[in-house]
Amino acid sequence: MEKTKDYHLGYIAAVSDIMEEQYDIDVALYLFAIDEVDSDYQEGYRDALLSIKRYGKPVYTSDNVTYVGFQCT
């Protein structure tokens, strides 16, 4: 599945939000669980939260390259 530009923007936004502010990942994931994603942006945002929750850092795979612990600037 090819990821869209909106997916990438959502992923980057989630990583930026986590790095910039006190953020309760569990609450955000709960909200996604009760109200499913309805856009590529939201899917990317949720996937970033899941990655950070699971690994403690953003882990992103694109094609055959995996990025671990990157920072958004």
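Biologist: Before we look at helix 1, what does buried mean here?
Modeller: Buried means under 20% relative accessible area, and bear in mind that this is a predicted model. In helix 1, the residues that meet that cut-off are Tyr7, Gly10, Tyr11, Ala13, Ala14, Val15 and Ser16.

Biologist: And how much of the chain is buried?
Modeller: Buried residues account for 27% of the chain, which has 73 residues.

Biologist: Which members of the largest nonpolar core touch the most other members?
Modeller: That core has 13 residues, and those touching the most other members are Tyr11, Ala14, Val15, Ile25, Tyr45, Ala48 and Leu49. At least two core residues come from each of helix 1 (5-20), helix 2 (25-34) and helix 3 (40-55), with helix 1 giving the most, at five residues.

Biologist: What is the overall order of elements along the sequence?
Modeller: The pattern reads α-α-α-β-β, so to speak three helices and two strands in the chain.

Biologist: Switching to helix 2 and helix 3, at what angle do they pack?
Modeller: Their packing angle is about 140 degrees, and the axes lie 10 Å apart. Angles over 145 degrees would count as roughly antiparallel, so helix 2 and helix 3 are oblique to each other, and their crossing is left-handed.

Biologist: Which residues meet there?
Modeller: From helix 2, Ile25, Asp26, Ala28, Leu29 and Phe32 meet Gln42, Tyr45, Arg46, Leu49, Leu50, Ile52 and Lys53 of helix 3.

Biologist: Back to helix 1, how many residues does it have, and how far does it reach?
Modeller: Helix 1 has 16 residues and reaches 22 Å from its first C-alpha to its last, close to the 22 Å expected at 1.5 Å a residue.

Note on methods: Residues are numbered from 1 along each chain as its sequence is written. This is a predicted model: local features need pLDDT of at least 70, side-chain atom pairs count only at pLDDT 80 or more; totals for chains, interfaces and linings use all residues. Side-chain values use heavy atoms; hydrogens and water are left out. A nonpolar core is a set of buried Ala, Val, Leu, Ile, Met, Phe, Trp, Tyr and Cys residues joined through side-chain atoms within 4.5 Å. Buried means under 20% relative accessible area, exposed over 50%, partly exposed in between (1.4 Å probe, protein chains only). Helices (H or I, at least four residues) and strands (E, at least two) are DSSP runs, numbered from the N terminus. The expected span of a helix is 1.5 Å times one less than its number of residues. Axes are lines fitted to C-alpha atoms, for helices over the stretch in contact, and angles run from 0 to 180 degrees between N-to-C directions. Angles under 35 degrees count as roughly parallel, over 145 as roughly antiparallel, 65 to 115 as roughly perpendicular and the rest as oblique. A crossing is left-handed if the near helix is turned anticlockwise from the far one by less than a right angle, and right-handed if clockwise. Contact means heavy atoms within 4.5 Å.
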